[in-house]
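Got your viewer open? Let's take a walk through this protein, one selection at a time.

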Amino acid sequence: MERPQRRRRHAPSRAHAVDDFSGGTPRLVVLIPAHNEQDRIAEAIEGMWAQTRRPDLIVVVADNCTDATADIAYEHGADVFHTQGNTHKKAGALNQAIAWVLPHLADRDLVLVQDADTVLNPWFVETAIGTFNRKVGAVGGVFYGEEGGGLLGLLQRMEFHRYAWEIDRTGGKASVLTGTGTMFRARVLREVRAARRSGRIGGGADYYSLASLTEDDEITKAVKTLGYRTMSPSGCSVTTEVMTSLPKLWHQRLRWQRGALENLRDYGWTRVTARYFFQQFMMGFGALSFGIYLAFMALTLSTYGWPGLSPFWTAIGAIFVVEKVVSVRRAGPRAVLVALLMVPEMLYDLFQHAVYFTSLWGLLRRSEEKWIAT
């Protein structure tokens, strides 16, 4: 399929905009959901055109935009799909766009979903396609934080580097098919919807669940429940934005954490979710242990003063610091320095623990958590 003409001024027809991709080699359609992303959309599109394996079609899914997102998308060679009456944010926008494009795709064709605030590295598509086999149903990105944001931005980049380090240690197995960039087989998306409609999995009757705060986490569990593997090879790296203020970071992480807990509640204990339940348990146990440790140290210092250095605990602490430093060494010298200082990351951990317990308390109280744009 030829690259769309630039500067098109009308949205593609729902019925006829997509060519029939039913023959030949697997085709790739990129969907970029965007709500008022005029400042970021051009970079995201150009990142796709710069791929070593270029997509056959890039579609910006303009969801209730009131800015120049659509015009800029046309100018950079993308088609634009305008949602109709969508009140379900990103998941609803993607469901409309996938329902529009999927009838024109063969089962082996590919759909890549990418956030508008993200740029994929030039080898993402080629690496992802090479990762697929009969057992792999979707390939997600490994995300890194963009520059900026001061110390808070640096702490997020360090967190993302550690997450990438952990994925690499597991051989590229994806815990979450990140919304920053994930490629699906068209067949798998069809199977997800069929499974929802038959009641095998919940989340409504469409591709992405409208009931989840974290649609990427939920669809990961859906794909795995269908018996597929999900992968995130190191070559599928993406660069995404970092939150530049604590309130923005709080809202983002509260949505992520609450969504993860609600997804586990909705799926229940299964072969797929067992490890996720264990991860959440260990997260809570670690947070409680850290809080008790800090309280004990504060009580000891106020009562007895500085107890001196213990060779055993000093060695344990040294191992902990080494692990912290090694896991962020690729983030640069500033990250290594902050890891050595320990205190900034301890405060960041306390922030994360507060998010966890706030989310857990909200879940137990069954209070409503709303999707908050950041």
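Start by selecting Gly 284, which is buried, with a relative accessible area of 7%; that counts as buried because the cut-off is under 20%. Keep in mind that you're looking at a predicted model.

Now colour the helix around this glycine: Gly 284 sits in α9, which runs over residues 274-304. What does Gly 284 touch, leaving out residues up to four places away in sequence? Show Tyr 356 and Phe 357, and you have the contacts of Gly 284. Phe 357 is 73 residues further along the chain, yet a distance line drawn between the C-alpha atoms of Gly 284 and Phe 357 should read 7.8 Å.

**Zoom out**

Switch to cartoon view and show the whole chain. You should find 12 helices and 10 strands. The radius of gyration is 22 Å and the globule rule gives 21 Å for 374 residues, so the protein is as compact as a globular protein of that length. Turn the C-alpha trace along its principal axes and it spans about 80 × 45 × 40 Å.

Contacts like the one you just saw are worth a thought here: among contacts with a separation of 6 or more, 78% join residues 24 or more positions apart. Buried residues make up 48% of the 374 in the protein.

**Into the largest core**

Next, select Leu 31, Ile 98, Leu 102, Phe 184, Leu 189, Tyr 208 and Val 223. In the largest nonpolar core, which has 35 residues, these touch the most other members. Which helix gives the most to this core? Colour α3 (89-101): α3 supplies 7 residues. Other elements that each bring at least two include β1 (28-34), α6 (186-198) and α7 (215-225).

Stay with Leu 102 for a moment. Setting aside residues up to four places away, Leu 102 touches Val 111, Ala 186, Leu 189, Arg 190 and Tyr 207.

Then hop to a second, separate core of 34 residues; Ala 78, Leu 112, Leu 120 and Cys 236 are among its members. Nonpolar side chains tend to be buried together in soluble globular proteins.

**Last stops**

Select helix α1, residues 41-49, and pick out its buried residues: Ile 41, Ala 44, Ile 45, Gly 47, Met 48 and Trp 49. They pack against several elements, including β1, β2, α2 (69-75) and α4 (124-131).

Finally, turn on the surface, about 18200 Å² of it accessible, with 59% belonging to carbon and sulfur atoms. Colour by charge and you'll have 43 positive and 37 negative side chains, with the centres of the two sets 5 Å apart.

Conventions. Residues are numbered from 1 along each chain as its sequence is written. This is a predicted model: local features need pLDDT of at least 70, side-chain atom pairs count only at pLDDT 80 or more; totals for chains, interfaces and linings use all residues. Side-chain values use heavy atoms; hydrogens and water are left out. Helices (H or I, at least four residues) and strands (E, at least two) are DSSP runs, numbered from the N terminus. The radius of gyration is taken over C-alpha atoms; the globule rule is 2.2 Å times the number of residues to the power 0.38. Buried means under 20% relative accessible area, exposed over 50%, partly exposed in between (1.4 Å probe, protein chains only). Contact means heavy atoms within 4.5 Å. Accessible areas come from the Shrake-Rupley method with a 1.4 Å probe; for residues, only the protein chains shown count as cover. Lys and Arg count as positive and Asp and Glu as negative; His and the chain ends are not counted. The place of a charge is taken as NZ of Lys, CZ of Arg, CG of Asp or CD of Glu. A nonpolar core is a set of buried Ala, Val, Leu, Ile, Met, Phe, Trp, Tyr and Cys residues joined through side-chain atoms within 4.5 Å.
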